[in-house]
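Student: I should like to take a close look at a single part of this complex. Could you please guide me through one chain and the way it meets its partner?

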Amino acid sequence: MKPETLLLLSMIIILMPLLSFTVIIFSQKRLGQAGGVVGSIFQGLTLLLTIVVSFTKLTTYADAGMIQQTIEWFSIGNKSIQLGLGIDNLAAIMLVVVNLISFLVHLFSTVYMHGDKRYPRFFAYLGLFTFSMLGIVLANNFLNMYIFWELVGISSYLLIGFWYEKDSAADANKKAFITNRVGDFGFLIGILILFVNYGTLMFDQVYAQIAAGNIPYGSGAWLSAAGILIFLGAIGKSAQFPLHVWLPDAMEGPTPVSALIHAATMVAAGVYLTARIFPMLTADAMIFVAYVGGITAFLAATIAITQTDFKKVLAYSTVSQLGYMVLAIGVGAYTSGFMHLVTHAWFKACLFLASGSVIHAMHESMHHAHNHDMDPQDIRNMGGLRKTMPLTYTAFLIATLAISGVPLTSGFMSKDGILAGTLAFAELSGHWLLPLAGFGAAGMTAFYMFRLAINAFHGEAKTDIAKHTKENNWRIVGPLLLLATLSISVFYAWNPFNAGDGWFHDRVKAPRTVVPAEFQFDFMMPLEAEHGEAVMAHGEEAHSEHAEVADAHQGEEAHGGHHAATKFEEQMHHAHYPAMIASLLIAGGGILFGFAFYQFKVFNADNLANLIKPAYKLSYNKWYIDEVYQASVIDGTINLGRVLSWFDLKVVDGVVHAAAWIINKASLAVSFFDKYVVDGMVNLSATATGFFGAMFRKVQTGKVQAYLAFTIIAFMIILFIVF
Amino acid sequence: MGLFELAFYSFAAIILISALGVVLSRKMMYSAFSLLFTFFGVAGMYVLLNADFIAVTQLMVYVGGILVLIIFGVMLTQKITGVDIKDGSVGKLSFAVGGIMSAFIAVFFTMMYMNVDWFLKDAPITDSTITQIGKSLLTEYLLAFEVAAVLLLVAFIGAALIARRESN
Amino acid sequence: MGIGLEHFLIVSGLLFALGIFGIITRKNAIMVLMGLELILNSANLNFIAFARYGGLNIEGHIAAIFVIILAAAEVAVALAIVLNIYQNYKHINVDEINKLKE
C-alpha cells in the first residue's frame, strides 16, 4: 500500500462516522429502532478500515514518521491557513483505540438504549462524536486540531445532555461545556502566539522553526507560555485539576457515553494533545504539566475512596488515571504515558461498560419488582452480583486488576513505566513530590477499585433487587469480554515485566525535544550532537504539499534498543526495577487493605471513617472544589452582576433620567417652534401644491386619446417654433 | 413600369386601403380583417426590401399570432359576434381633431421624406439574411435576445394571470 | 422614376398617420390596439427600408425582430387587461374607464 492510499483510507475513516451521523440524523423517524444497526454497521466498516490502515502504518511504515498531506484552505495576506491530514504511529494506535471502543459502544448501546424515545438520535450523536475525535487524531496542524477539539466539545455536550429532561443532565452538560471553554480559551491563545510568530500552524513546521532557534518574541518565557496555554486545553478536556469538576458530573449521560467519552476517547484527547506538543515543552512547561498531572492523580484518588455511586467512583478513577498520563508526559516518560492512555482506554471502557451492564441489570430487576425509588447506581444497594452476573464479574475483575497494576496486565506495564519515569525525573531534577504522588495514587487506586469490586460483586446481596439481577445478552457482555482480553499484557509485550521490549515501545518513540538547550533540562537533551541537522532536514521536507515520508531520522534511531538517546531515558532504565518493586508492594498493599476492610471485615471502614472524620469529609465532598467554585467563581460572577446592576440602576439610569428631563424641556421649546413656524411653512407649501394640483387636474382627463392628442399638438407647436 | 414598381405600388395600395379600412370601419370584425391585409401588405414590402426572414416572421407572428389574439379579444368582448360595437362612437369632435392631426402628420412626414437629402448606401444583396441574423442574435445581441425571451415568458405568465377569471 | 428609399418611407409615414387617427378617434380598447399595431408596423417598415437603402444592414433587421417580439408581448398583456376590464365593466371603452381619477 502506498502512502497516498493510506491517506485516502484515513480520509474515508474520518468521513464514515460523519456519513453515519448525516444519514441517521436526517432519517430518524424512518429508521426508528433500525438506527442502531445502521450506526453500528457504519462504525464497523470504519473499524475494519482502521485496522487495515493502522496495521499497515505500524508495520510497513513503522519508521516513516508522519505521513501527511496538506492543502491550502485560504490565505490572509501572505499567511496561509492549511488543512491537513497526517498519520504517524501515535495516530495509528489512537485510531484503533477510538474506533474499536466506538464500535463496541455502538454495539453495547443497541441493547442499553433499547426503547429510548430518541434512540436513533443517540447513534447519530455517537457518529458525530467519533468523527470529531478522529479529526483530532488525524490532524497534522494546530488549527485542524482546534476545530475538531471544539467539535468534540459540542458532541460531548449533546451526549451528556442526551436525557435533557433531567435537570441534573442539563446542568451537567452545561458544566462540562463551560468548564471546557476555560481550557479551550488558553488553547486558542497558545495557538495564536504560535501563529503570530511562525505564520504557520503545521506541527512539523512550527517545531522545525523552534529547533532552528526561532522562539516566540525571542524569549523562552513566551515559549513556555505557549506550551502551557496549549496545555490548558488539555487540562479542560482531560479533566485535570483544577478543571476536573465536569467529568464526574458528566456521568449523568447514558453509561455507554461515559465509556466512550469519559473513559476512553474524549478525555484522551487532552493527553493526545499534550503528547503532540511534547517536543515544544520547555523545562518550565514540563514541570507545570507534571505537577498538574501529579496533583490530579493524587487528589482524584483520594476522592474516589469514599464515593458510593458506582459511576462516580469510576469517574474519579478516570480523572486519577488521566493525571497519571499527564504526569508521565510532563516528566518525559512519553511512551509510557501514551501506553497508559491506550491500556487505560481498554480497561476503563471495560469498567464502564461493566458498570453499564450492572446498572442495566439492576434496572431490569427493579422493573420486574415494580420498584422505582431505589438508586440503581449506588454500590450500597448491590452486593453478590458475582453469582448472578458471572461474565460481567469476570470482565470487571480483569479490568480492576489491570487498573490496580497487578503483573501480567497491561496496566501494570504502563503504570510501571510511568512510575519509573517519575523516579528518574525526581533523581535528576529533585522534584520528589511527583513520584510520591504517583505511588500514593497507585496504592489508593488498588484500594478503591477493590472496594468497589468487593462491595458490588462479592458477599451477600444487600437488596432483593441485587439478588434478582440477571446476566445481560451477548451484545452487552461481548464487548466487555473483548475489552477485558485486551487488558492482558501479552498484547503489548511478550515479557510482562518489561514493556520496553514490546512492539509498543518500538513503534512509539518519544520525539526529540526541539526546545533550545538553555530552556530545557539538560538531561532531556539528546546525547549525540546530531539533533540540530536531523530536525532541520525534517523541516525542509515537510514543506512539500504531497504525501510524503518525513521524519525519517526518527526511524534510524528507533532501532537502537536500549541505547538511550537522552540521559533521562538512561536513568529511567535504571529506575525500572526499583519502581517495579515499589509499585508491586504498594498495589499489593492497596489490594490487601481492600480485602481486609470490605471482604473479611478485619477492620471496620465506618470506624476508621469516624476516626479521621475531617479527612473522610474532605474526600467525600470532593475536597469542596465545587463549593469553592460556587463561592468564588459563580457567586463572584453573580455578585459582580449585582453590583453592575446596582450601578446600572442608580448611576446609569440616573444619568439617563437627567438627560431625558433636559431633553423633554428642550423638546417643548422645539415643539413650539415646530408647531407655528415649521408647520406653517409645510401647510403653506401643501396649500400651494393643492392649488396647482386642482388646476392641472383638469388636464388629466384619464383619456389616453386625449393625451395622445396633446402630445401631437405639442409636437406641432415645436415644429412651428423650430421652422 | 417594371415589375418591382408594379409590385411596390400594389403593396402600397393594399396597405393604405386596408389601413383605412381598419380605422374607418364601423364593425370591429371588419377592422380586424382589414388589419390582416395590412399585415400582408407590409410583409410584401419586406420581401421587396430583401428582408425575407422579417417577412416570414411578420406573417407568422402578426398574422398567425397577434391577429388571432385580437380576433379572440373582439369575440370575447362582444356578446354576439358580428354585432356592431356601439363605440358611441367617433364623435364629431374627436373625428375632426383626429383627422386634422393625422392629416398634418401625413403631410409633414411626406414633405420631410421628400425633401431630406438621405444618406444612401445600398445593402449588399445576399441570398438570405437568416445566416447573418442568426449570427448577430447569438453573438452581438445575445444578451438582448435572452432578455427578450425572458420578457416574453414574463409577459405571457402575467397575461395568463391577469386574464384569469377571479374565483370567488 | 425608380422606387427608392423615399417611397417606402412615405408609405410608412401614411401608415403611421392612419394609426394615430385610429387611436385618437376610436373608443374601443381593441381598436386602439389595432391602431397601435399599425404604428408599430410603420416603424418596422422604416427599419427595414433603412436596412436596405440606408446602410443599417442587419442591425435594422435585428431591431425589427425585437419590435415584433415586443408587439407580441404587448398585445398579450394588453388583451389580458382588456378581458379583465370587460369582466369588471361589461364594456371596454377606454374613456369610461376612469375609476382612478376620483
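Tutor: The account below treats chain C, then its partner, and then the cores. Please keep in mind throughout that this is a predicted model.

We may begin with confidence. The average pLDDT of chain C is 86, and 93% of its residues score at least 70. Within chain C, helix H2 (residues 29-53) has the highest confidence, at 91, whereas helix H3 (residues 57-89) has the lowest, at a mean of 88. For the complex, the predictor reports an ipTM of 0.88 and a pTM of 0.62. As a general caution, predicted coordinates should not be read in detail where pLDDT is low.

Next comes the chain itself. Chain C contains three helices and zero strands, and along the sequence its pattern reads α-α-α. Of the 102 residues in chain C, 60% are buried. If one takes the contacts in chain C with a separation of 6 or more, 50% of them are accounted for by residues 24 or more positions apart.

We now turn to the partner, chain B. Its secondary structure consists of six helices and zero strands, with the pattern α-α-α-α-α-α along the sequence. Chain B has 168 residues, of which 27% count as buried. Among its contacts between residues at least 6 apart in sequence, 55% join residues at least 24 apart.

How do the two chains meet? On the one side are 63 residues of chain C, and they are in contact with 73 residues of chain B. Helix H1 (5-25), H2 and H3 of chain C each supply at least two residues to the side that touches chain B. H3(C) gives the most to this side, with 23 residues. Sorted by class, the side of chain C that touches chain B comprises 44 nonpolar, 14 polar and five charged residues.

One pair of helices deserves a closer look. The axes of H2(C) and helix H2 (residues 28-48) of chain B come within 11 Å and cross at roughly 5 degrees. Angles under 35 degrees count as roughly parallel, and H2(B) and H2(C) are therefore roughly parallel to each other. From H2(B), the contact is made by B:Met28, B:Ser31, B:Leu35, B:Thr38, B:Val42, B:Met45 and B:Tyr46. From H2(C), the residues are C:Ile30, C:Met31, C:Met34, C:Glu37, C:Leu38, C:Asn41, C:Leu45 and C:Ile48. The residues of this contact of H2(B) with H2(C) divide into eleven nonpolar, three polar and one charged.

Chain B also touches chain A. Here four residues of chain B are in contact with four residues of chain A. On the side of chain B that touches chain A, three residues are nonpolar, one is polar and none is charged.

Finally, we may consider the nonpolar cores. The largest has 220 residues, and those with the most contacts inside it are A:Ile136, A:Val137, A:Ala269, A:Cys350 and A:Ala399. Helix H15 (residues 334-369) of chain A gives the most to this core, with 18 residues. Apart from this core lies another, of 75 residues, and B:Ala12, C:Phe21, C:Ile58 and C:Ala76 are among them. Chain C, where we began, is thus represented in that core by residues including C:Phe21.

Terms used. Residues are numbered from 1 along each chain as its sequence is written. Chains are lettered from A and ligands numbered from 1 in the order in which they are written. This is a predicted model: local features need pLDDT of at least 70, side-chain atom pairs count only at pLDDT 80 or more; totals for chains, interfaces and linings use all residues. pLDDT is the predictor's confidence in each residue, from 0 to 100. Helices (H or I, at least four residues) and strands (E, at least two) are DSSP runs, numbered from the N terminus. Two residues are in contact if their C-beta atoms, placed from the backbone, lie within 7 Å. Ala, Val, Leu, Ile, Met, Phe, Trp, Tyr, Cys and Pro count as nonpolar, Asp, Glu, Lys and Arg as charged, and the others, Gly among them, as polar. A residue is buried if 20 or more other C-beta atoms lie within 10 Å of its own, exposed if 12 or fewer, and partly exposed in between; C-beta atoms are placed from the backbone. Axes are lines fitted to C-alpha atoms, for helices over the stretch in contact, and angles run from 0 to 180 degrees between N-to-C directions. Angles under 35 degrees count as roughly parallel, over 145 as roughly antiparallel, 65 to 115 as roughly perpendicular and the rest as oblique. A nonpolar core is a set of buried Ala, Val, Leu, Ile, Met, Phe, Trp, Tyr and Cys residues joined through C-beta atoms within 7 Å.
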